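Visitor: Please take me through the charged pairs of this structure, one by one. Then follow them into the parts they lead to.

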Amino acid sequence: MKNRIITFIKTNLTVILFVVFSILIEMISVYSIEESPFISYPWIWLGLLLLIAGIMLMIKSERARMVIGIIFMLLQSIICMIMAVLFNMAGQYFDFGMLNLRNDAFGILENIPMDFVTFYTAFFFCLVFGISTARRRRRAGNSPAETKKSVRLISGSAVMAAGLLLAVFATYNVNKDQKNKYEDLRYSTDSSVYNTYGICGNLINEFADGLIFTEDEVISDEKVNDFIYGEVSEPTEYFGVSKDNNVVVVLVESLEWFGMLKNDYLPNALPLTDEQYAELFPNLTAFYNSSVVMTDFHSKEKTDISETMSILGAYPTRGYINYDYYDQKIPQTIPNILRNLCDEELVINSYHNGSKTFYNRDVAHVSYGFTKFTSSEDMYEISDQMLRDGLVDKEVMHDYMHEGERNLDSEMLELCKERMFPENERFFTYITSITMHGMFYERANLAHHKEKLLSVYTDPAGTEEEELLINYLCTVMEFDKALGIMMDYLRDKGLLDHTTVILFGDHNCYYQDLSNYVKNIYDYDTEMNYSDLYRVPLMIYDEHAGHKVIDKFTCTADIAPSILDLLGIKYYSNMFYGHSVFSDEESVIYSRAYNFFVDDGIVAKSLSRPLFKADDVTDEDWNDFKEKGNTLIDKLEYCDQIFTRDFFSDPENYETFIEKMKEINADLTQ
């Protein structure tokens with residue numbers, strides 16, 4: 001028996017080396033991301049590995065075995081490297097819905113931070129495997145004659161069958177009951193996706209989930225309706241302050257507090273005085289001093305989700321609305337609510353000085369209720385037409401994007417301000433900026449801003465990190481100029497006293513780890529508050545609301561409820577993940593893109609698995625987080641039902657929502 005085992009090992013050493021090296025590549029790749037190589041549920045990946053090994057065992061030719069092994073190890077190495085880069089660049093694990101983002105992703109990937117640990121280690125093992133098997137083949141000949149055909153077929157078939165059954169059973173076991181998704185959010189103690197399934201195991205699982213296990217457990221329409229209409233919002237003291245106002249929402253790409261003022265929790269910000277900040281950012285400073293300011297506002301999403309969250313107030317855990325559900329009826333967005341409740345005709349449009357197809361905005365925004373989405377392509381045409389008509393003597397909007405630059409926000413505002421803010425019609429206008437989108441290299445079209453900044457900050461340290469920060473601040477200066485154009489126009493046209501402006505950062509400056517550098521936060525073992533990494537500005541300008549500082553924890557999900565509260569519109573609370581910032585209620589974030597929760601001083605993979613807890617987080621704080629988290633998870637489950645089942649495309653469900661919204665807002669619609 002011993003001799004048979006030894007003979008089998010010698011005969012099939014190529015296959016054994018393939019299995020061992022593949023396991024090492026997977027574990028080291030996981031370690032490069034998670035700082036732990038262990039995989040708690042490796043069965044999906046091991047099943048696939050055994051399937052490939054079984055195929056190799058059935059093949060007589062050593063050359064063919066070697067080629068198959070190298071091909072699959074290279075493929076594995078490339079997959080692991082891509083996933084490591086994705087995580088290092090954006091902090092995201094792969095999920096099936098990302099395939100919809102593939103075209104957009106290539107449009108934003110610049111200066112990709114290569115994961116050299118994964119790269120060198122994976123290809124080192126591929127090289128060792130190739131050399132060792134090639135040398136062995138030369139010594140032993142191309143075909144191991146001592147192996148009988150029947151033995152190869154039987155052993156190979158057995159290993160293949162075992163691998164296939166293991167992979168299928170493991171994948172089915174993970175996905176058989178989608179209800180577990182919500183239970184995992186409550187009770188899972190797994191620290192990460194890759195430590196749970198491995199990189200390749202997660203890839204297989206996500207494809208199976210997306211292609212096969214695509215339906216959530218169906219909840220009856222009666223229960224969905226009971227949940228939706230189970231709770232009506234409570235008016236705050238600011239309820240109706242902005243009644244009949246125009247509304248402008250400005251999503252400012254990557255806006256951080258260190259881009260406009262000093263803060264104690266920003267140890268590596270530029271050492272500028274308050275007066276110098278005011279000189280460099282006069283319009284943001286003025287806006288801050290006259291707005292309701294949320295100093296503890298957090299956002300942890302990609303731009304498309306932050307944008308949608310501020311319009312919708314919710315987001316499903318499966319799929320991406322802009323791609324998977326854009327053709328649905330979505331009556332619960334702010335624009336659609338305004339259309340259905342307001343007697344007067346509103347001008348409801350959105351603007352973004354980026355490509356119209358990016359994040360599928362040109363079709364998704366129509367579903368959100370916007371009459372028109374104006375993109376950079378439209379803006380170039382408007383600018384060219386003004387030139388042809390002799391209204392201007394030079395182009396107002398230049399196409400910097402085809403020159404490798406970001407377009408300028410100030411040019412967008414200058415070009416479109418009359419369309420964005422019509423004088424004689426009530427409007428709801430949504431603006432998404434682009435200049436502050438990373439990476440933060442030196443840009444020729446921001447050179448004048450940099451010259452001014454360096455005339456104020458005259459003694460730079462010359463470090464690479466500081467240079468990134470300086471380049472970032474130049475983009476903020478450009479947005480500051482755009483904000484000044486907007487506010488001056490509204491003031492000059494007599495619109496400012498009846499216009500509410502909501503301005504917020506969509507996410508932190510994760511590009512090139514700039515946010516980590518300025519806040520001195522690099523991992524969970526820090527005395528700094530890790531949730532501070534996601535703290536960004538939210539300010540609401542309304543002359544009737546005045547200036548006020550709100551220091552409770554708030555998040556992107558609170559924007560839509562706050563708009564409705566200010567406009568004096570009641571809403572069904574279960575449709576919105578957040579609360580009005582003016583209420584006593586506090587929210588908690590569940591990040592769709594990054595799959596974890598954020599609360600004040602807390603980052604958690606589930607309600608049972610904190611990734612980080614600040615030193616001042618008490619047991620009472622943790623229990624409060626769990627209570628809010630449980631409420632949010634209920635809302636996540638029903639939001640998934642609404643979108644995966646296209647709930648409101650049923651005319652009866654659609655009309656019910658509109659009628660019930662009118663019922664609770666009878667005073668508004670009379």
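Guide: Start with glutamate 381 and arginine 388, whose side chains meet in a salt bridge, N to O 2.7 Å. This is a predicted model. Glutamate 381 has a relative accessible area of 40%, so it is partly exposed. Arginine 388 reaches 52%. The cut-off for exposed is over 50%, so arginine 388 counts as exposed.

Next comes lysine 450. Its salt-bridge partner is glutamate 467, with the closest N and O atoms 2.6 Å apart. Lysine 450 sits in helix H20 (residues 447–456) and glutamate 467 in helix H21, so the pair ties together parts 17 residues apart in sequence. The two ends differ in cover. Lysine 450 has a relative accessible area of 10%. Buried means under 20%, so lysine 450 is buried. Glutamate 467, at 32%, is partly exposed.

Some charged residues belong to a network. Glu586, Asp599, Asp624 and Lys628 are joined into one by salt bridges that share partners. The whole structure holds 19 salt bridges.

One of these links glutamate 256 to lysine 519, at 2.9 Å from N to O. Glutamate 256 lies in the loop between S1 and helix H12 (274–280), while lysine 519 belongs to helix H22 (residues 514–519), so this pair ties together parts 263 residues apart in sequence. What cover do the two ends have? Glutamate 256 is buried, at 0% relative accessibility. Lysine 519 is buried too, with a relative accessible area of 0%.

Now to the sheets. S1 belongs to an open sheet of eight strands. The order is S5-S4-S6-S1-S7-S8-S2-S9, and the pairing is mixed. Strand S5 (372–374) and strand S9 (548–550) are the edges, each pairing on one side only. From one strand to the next, the twist averages 15 degrees. At the S9 edge, strand S2 (residues 292–294) pairs with S9 in the parallel sense over three bridges. There, valine 292 stands opposite lysine 548 of S9.

Helix H21 (residues 464–492) packs on this sheet. H21 touches strand S1 (246–252), strand S6 (427–432), strand S7 (499–505) and strand S8 (538–541). The direction of H21 makes about 170 degrees with that of S7. Recall that glutamate 467 lies in this helix. Helix H23 (residues 559–566) lies across S1, S7 and S8. H23 also runs at about 170 degrees to S7.

The network leads to another sheet. Asp599 is one of its members, and strand S12 covers residues 597–599. S12 is part of an open sheet of four strands, ordered S11-S12-S13-S14, with antiparallel pairing. Strand S11 (589–590) and strand S14 (609–613) form the edges, and each pairs on one side only. Helix H24 (residues 619–644) packs on this sheet and touches S11, S12, S13 and S14. The direction of H24 makes about 50 degrees with that of S13.

Look closely at S13. S12 and S13 pair in the antiparallel sense over three bridges. Phenylalanine 597 has alanine 604 in S13 as its bridge partner. The two strands form a hairpin with two residues between them. In that turn, glycine 601 has a positive phi of about 80 degrees. On the other side, strand S13 (residues 602–606) pairs with S14 in the antiparallel sense over four bridges. Serine 606 stands opposite arginine 609 in S14. S13 and S14 also form a hairpin, again with two residues between the strands.

How many residues of S13 are buried? Five of the five are, so S13 is largely enclosed by the rest of the structure.

For contrast, turn to the surface. Leu13, Ile16, Val20 and Leu24 make a nonpolar patch of about 250 Å². Leucine 24 lies in helix H2 (residues 13–34). Its relative accessibility is 31%, so leucine 24 counts as partly exposed.

Finally, the wider frame. The chain has 26 helices and 14 strands. Of its 670 residues, 58% count as buried. The accessible surface comes to about 28,100 Å², and 53% of it belongs to carbon and sulfur atoms. Among contacts between residues at least 6 apart in sequence, 79% join residues at least 24 apart.

Conventions:
Residues are numbered from 1 along each chain as its sequence is written. This is a predicted model: local features need pLDDT of at least 70, side-chain atom pairs count only at pLDDT 80 or more; totals for chains, interfaces and linings use all residues. Side-chain values use heavy atoms; hydrogens and water are left out. Two strands pair if DSSP finds at least two bridges between them. Axes are lines fitted to C-alpha atoms, for helices over the stretch in contact, and angles run from 0 to 180 degrees between N-to-C directions. Contact means heavy atoms within 4.5 Å. Patches are made of residues with over 30% relative accessible area and no salt bridge: like charges are joined within 9 Å, nonpolar side chains (Val, Leu, Ile, Met, Phe, Trp, Tyr) within 5 Å. Accessible areas come from the Shrake-Rupley method with a 1.4 Å probe; for residues, only the protein chains shown count as cover. A salt bridge is a side-chain nitrogen of Lys or Arg within 4 Å of a carboxyl oxygen of Asp or Glu. Buried means under 20% relative accessible area, exposed over 50%, partly exposed in between (1.4 Å probe, protein chains only).
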